[in-house]
Amino acid sequence: MNLSRNFTLQELIKSDTAVRLGVDNNPNANQIEKLKLLCENILQPVRDHFGPVSVTSGFRTPELCLKIGSSITSQHTKAEACDFECPGKDNAEVADWIYKNLDFDQMILEFYVPGEPNSGWVHCSYVSEKPRKQFLRAFKEDGKTKYKPIIGKATDLV
Ligand SMILES: [Zn+2]
C-alpha cells in the first residue's frame, strides 16, 4: 500500500525490534491517514528535492516505544513523526531545507555532530492544525539527552 508516490505503509511501520519481540506495530485506519499526511507533506517533498530517503523509524505503538526505551507520548505513537536520513546528504542541510520550505510541527536534528554530515538523523513531525514549526537539536550531555532550539541555520552550528 502506497502512502504517497514514493513511500509505502510498510516503510513507515517496519521495526526489526517489533518483529524480534513479536510486538504488533500495525496502525489503525485513522493512524494510516495521518501517516499519509506525514508522507505527502514532509517525506515526499524531501524525496522530490534530495532524492532517496531512508526512513529509520515511523509509526510506533506505545508498546513498541516501551520496548525500545522511547517515550510513549512521542509523536511517533500518534503517527505524526518519523526519523529519516537522505543517504549521502548532510542532515543539517536537509533540516535547513525543511525549515525553509515545509509546514512541519516539530523537527529535531538528533545527535548531529557539526562537521560530520552523516552523523545523527532528522526527526520531523506533521500536524494539520496549527503546526508549531519548532526546530530543535538533541545532544548528549553528562549521559542525558538535552534539547536546544536552533536559531538560524543548522549548517552554521559549530
Ligand atoms: Zn523520532
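**Notes on a predicted zinc-binding model**

1. Let me start at a salt bridge: K146 pairs with E141, and their closest N and O atoms are 3.0 Å apart. Both partners are partly exposed, K146 because its relative accessibility is 31% and E141 because its value is 36%. Please keep in mind throughout that this is a predicted model.

2. How many salt bridges does a search of the whole structure find? The search returns six. One of them joins the side chains of R5 and D48, with N to O at 2.9 Å. This pair links distant parts of the chain, since R5 sits in the loop between β1 (2-4) and β2 (7-8) while D48 belongs to helix α3, 43 residues apart. R5 is exposed at 61% relative accessible area, whereas D48, at 47%, is partly exposed.

3. Another salt bridge brings the side chains of D105 and R132 together at 2.8 Å, N to O. D105 lies in the loop between α5 and β5, and R132 in the loop between β6 and β7, so the bridge ties together parts that are 27 residues apart in sequence. The two ends differ in their surroundings: D105 is buried, with a relative accessible area of 3%, but R132 has 47% relative accessibility and counts as partly exposed. As general background, side chains of opposite charge can pair when their charged atoms come close.

4. Now the metal. Which residues coordinate the zinc ion? They are H76 through NE2, D83 through OD and H123 through ND1, at 2.0 to 2.1 Å. Along the sequence these donors follow the spacing H-x6-D-x39-H. The two histidines link distant parts of the chain: H76 is in the loop between α4 (62-68) and β4 (81-85), and H123 is in strand β6 (residues 121-125), 47 residues away. Both H76 and H123 are buried. If you plan to look at the coordination, note that water is not among the atoms, so the site may look incomplete.

5. S57 deserves a look alongside the zinc site. The residue is placed in strand β3 (residues 54-57) and is buried, with a relative accessible area of 12%. Leaving out residues up to four places away in sequence, S57 touches H76, C82 and D83; two of these, H76 and D83, are also zinc donors. The S57 side chain makes a polar contact of 2.7 Å with the side chain of R60.

6. On to the hydrophobic interior. The largest nonpolar core holds 37 residues, and those with the most contacts inside it are L12, L35, L43, V46, F84, I98 and L109. Two or more residues each come from α1 (9-13), α3 (29-50), β4, α5 (91-101), β5 (106-110) and β6. Helix α3 provides the largest share, eight residues. In soluble globular proteins, nonpolar side chains tend to be buried together.

7. What does I98 contact, leaving aside its neighbours within four places in sequence? The list is V46, F84, F104, M107, V122, C124 and K133. I98 is one of the buried residues of α5, together with N91, A92, V94, A95, D96 and W97. As a group, the buried residues of this helix pack against α3, β4, β5, β6 and β7 (134-141).

8. The N-terminal end of α5 has a cap: a side-chain oxygen of D90 lies 2.9 Å from the backbone nitrogen of A92. A92 is itself among the buried residues of the helix.

9. Finally, the cysteines. The disulfide count comes to zero. For C86 the reason is distance, because its sulfur is 10 Å from the closest cysteine sulfur, in C82, too far for a bond. C124 is in no disulfide either, with the nearest cysteine sulfur, again that of C82, 6.7 Å away. C86 is buried at 2% relative accessible area, and C124 is buried at 0%. C124 also appears among the contacts of I98, and C82 among those of S57.

Technical notes: Residues are numbered from 1 along each chain as its sequence is written. This is a predicted model: local features need pLDDT of at least 70, side-chain atom pairs count only at pLDDT 80 or more; totals for chains, interfaces and linings use all residues. Side-chain values use heavy atoms; hydrogens and water are left out. Donors are N, O and S atoms within 2.8 Å of the metal (3.2 Å for Na, K and Ca); water is not among the atoms, so sites may look incomplete. Helices (H or I, at least four residues) and strands (E, at least two) are DSSP runs, numbered from the N terminus. Buried means under 20% relative accessible area, exposed over 50%, partly exposed in between (1.4 Å probe, protein chains only). A nonpolar core is a set of buried Ala, Val, Leu, Ile, Met, Phe, Trp, Tyr and Cys residues joined through side-chain atoms within 4.5 Å. Contact means heavy atoms within 4.5 Å. A polar contact is a pair of N or O atoms within 3.5 Å; within protein, one must be able to donate a hydrogen and the other to accept it, and residues adjacent in sequence count only if both atoms are side-chain atoms. A disulfide is a pair of cysteine sulfur atoms within 2.5 Å. A salt bridge is a side-chain nitrogen of Lys or Arg within 4 Å of a carboxyl oxygen of Asp or Glu.
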